[in-house]
Amino acid sequence: MKAKLFLLLMALTLSFAQGTAVEGNRSAVTSEQNVTEEQKRLKIEKLEESLRQIDQKLEQESVWQKIYANHLAYIDMEEKIRKIERRIKAYKRKGPSRYRTAIRDLEAQKLKLREQLDLLKDYRTNPFKTLIRPEEVKEVPSVTNPVAIINAFSFIKQLDEQKSRFEYEVGTLKNFIDLLNRKIAILKDLLEAEPGRKELQDELNRTMKEVDEAEDALSLHQTALIVYRKKVDEVRLRLTEQIKQQAKKAGTIGATVLILLLFVLLFKWLVKRTITDNERFYMANKIINFTFVAIVLIILLFAYIENVSYLVTVLGFASAGIAIAMKDWFMSMLGWLVIVLGGSIHVGDRIRVDKDGKMYVGDVLDISLLRITMLEDITLTTYKHNRRAGRIIFIPNNYIFTDMIANYTHATLKTVWDGIDFTITFNSNHKKAQHIAKETAKKYAKGYTDITRKQLNKLRAKYSLKNTNVEPRVYSFIEENGIRISIWYMTNAYATLTLRSTISAEILDQIKEEEDIVIAYPSQQIYFERARRKPTLPDLTESTITL
């Protein structure tokens with residue numbers, strides 16, 4: 001009996017121990033399952049957070065996402081329009097009159113979608129292929145002169161900017177694809193963690209399709225970028241070579257012009273030492289400058305104009321019309337050549353110009369290609385006719401062919417003949433008056449007389465001079481109101497009025513001291529008779545009034 005009880009107790013103890021062990025095992029498995037679920041949940045949350053960050057980055061930083069979204073919107077609208085068209089066809093088969101309102105509503109929806117579709121027509125095809133387009137290389141400029149070098153550098157800079165822009169756009173597309181691949185990896189991890197989520201599978205499929213299209217476009221653009229780089233390098237190399245050639249050519253021309261300039265400066269120095277007259281040196285200096293400029297222009301013309309004969313032919317045909325349209329200009333240029341080569345007028349000469357009955361006397365300031373510039377001075381002409389002076393007068397060079405231009409100081413002459421006239425009465429001693437006038441003129445004009453004699457002797461080698469008598473000359477003429485005495489003498493061409501005034505005053509003072517010389521001037525004598533009323537009054541009264 002005791003043995004049976006002992007066996008029963010042992011059985012119960014063993015059974016309790018086994019139950020306890022099973023319960024412990026169950027608790028352990030449950031705890032392990034809870035830990036795995038928690039890790040899985042944390043992993044999913046981390047993946048979803050990473051997915052949100054990538055989507056946010058794609059939305060904010062990548063323009064490609066927005067462009068592809070527009071492409072997807074276009075495809076979605078096309079699908080909606082097709083569905084509406086199928087529904088409209090189904091309603092029309094069932095009975096147009098019965099479903100008239102539904103058909104009208106669907107047509108309105110279709111029209112609205114068509115309008116939206118037109119706004120997105122640029123995103124109809126793969127946007128990754130169409131939106132990256134390298135700008136075509138325009139016509140490459142040809143560097144044929146130094147000025148074109150600036151244009152060439154500008155063109156090279158423009159090409160570099162276009163290439164950099166193309167490289168940047170291809171780089172942004174590559175970065176966009178990298179982001180999409182990261183998104184695909186995250187979506188795959190999420191689907192592995194949660195296989196049943198259909199929205200994740202749809203997003204994965206859409207993203208993989210987007211990556212395929214983007215990678216196809218990237219491959220095309222990378223190939224195009226390689227070709228574009230080679231083309232840019234080719235253009236750069238060609239332009240660089242042309243720039244080097246033109247720089248070398250410009251350097252050669254610059255050296256030639258510099259040597260020519262040094263020769264001109266040396267020639268000017270020799271001319272300055274040879275010609276002592278400032279006015280003539282001014283004109284010679286101007287001719288040298290004009291010749292230098294003309295030679296430089298000819299050098300540049302033959303250096304940088306490829307077909308000079310063609311230019312000459314065109315100018316030959318155009319010269320007739322130009323000559324007619326610009327006759328005065330051409331005549332002025334021809335007049336300038338006549339003046340400069342003929343030497344009839346020089347800078348500093350005193351000249352007189354007669355035009356339309358008016359006379360202008362002054363000093364030549366400049367002789368340009370088209371005109372003579374003259375400063376009007378106070379002379380006998382301004383005293384008697386113009387009554388004004390100090391004006392700057394511009395005389396076209398063609399006037400030398402059509403109008404009167406007198407030079408008071410031609411060649412080495414700096415003096416002119418000037419004369420003073422006065423009238424004495426018939427009963428005056430005209431011989432004494434002539435003697436006074438001549439001696440006075442000799443006294444004040446002696447210096448100018450000697451200078452003129454020397455100047456005329458120098459001109460004998462150039463001109464045929466018949467009469468070189470430069471002593472003062474006096475003449476007498478019978479006029480209506482008396483005897484006119486005319487005294488002529490040599491004076492400074494630039495100061496005729498000064499000596500004229502001095503001699504006139506001296507002659508007047510000496511004549512006043514002579515009792516047998518009376519200056520005649522217009523006068524009138526009036527005789528009048530008073531009426532006789534008384535025998536005591538005088539018979540006749542005579543009165544002379546001088547006016």
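The following exchange looks at how some features of this predicted model are named.

Reader: Why are helix 12 and helix 13 called roughly antiparallel?

Author: The axes of helix 12 (residues 430–459) and helix 13 (residues 496–513) cross at roughly 150°, and since angles over 145 degrees count as roughly antiparallel, the two helices are therefore described in that way. Their axes come within 9 Å, and the crossing is right-handed.

Reader: What makes Thr440 buried or exposed?

Author: Thr440, which lies in helix 12, has a relative accessible area of 3%, and because buried means under 20%, Thr440 is counted as buried. Leaving aside neighbours within four places in sequence, Thr440 is in contact with Ile503, Glu506, Ile507 and Gln510, and these four are among the residues of helix 13 that meet helix 12.

Reader: How do you know that Arg114 forms a salt bridge with Glu85?

Author: The closest N and O atoms of Arg114 and Glu85 are 3.4 Å apart, and a salt bridge requires such atoms to be within 4 Å, so the pair qualifies. Arg114 lies in helix 3 (residues 100–119) and Glu85 in helix 2 (residues 63–94), so this salt bridge ties together parts that are 29 residues apart in sequence.

Reader: Why are Arg453 and Asp450 said to be separated by about one helical turn?

Author: Arg453 and Asp450 are three residues apart in helix 12, which means a separation of about one helical turn, and their side chains meet in a salt bridge at 3.2 Å, N to O. Salt bridges that share partners join Lys446, Asp450, Arg453 and Glu471 into one network.

Technical notes: Residues numbered from 1 in each chain as written. Predicted model: local features only at pLDDT ≥ 70, side-chain atom pairs only at ≥ 80, totals over all residues. Heavy atoms only, no water. Axes fitted to C-alpha atoms, helices over the stretch in contact; angles between N-to-C directions. Parallel < 35°, antiparallel > 145°, perpendicular 65-115°, else oblique. Left-handed = near helix turned anticlockwise from the far one by under 90°. Contact = heavy atoms within 4.5 Å. Buried < 20%, exposed > 50% of the residue type's maximum accessible area, 1.4 Å probe, protein only.
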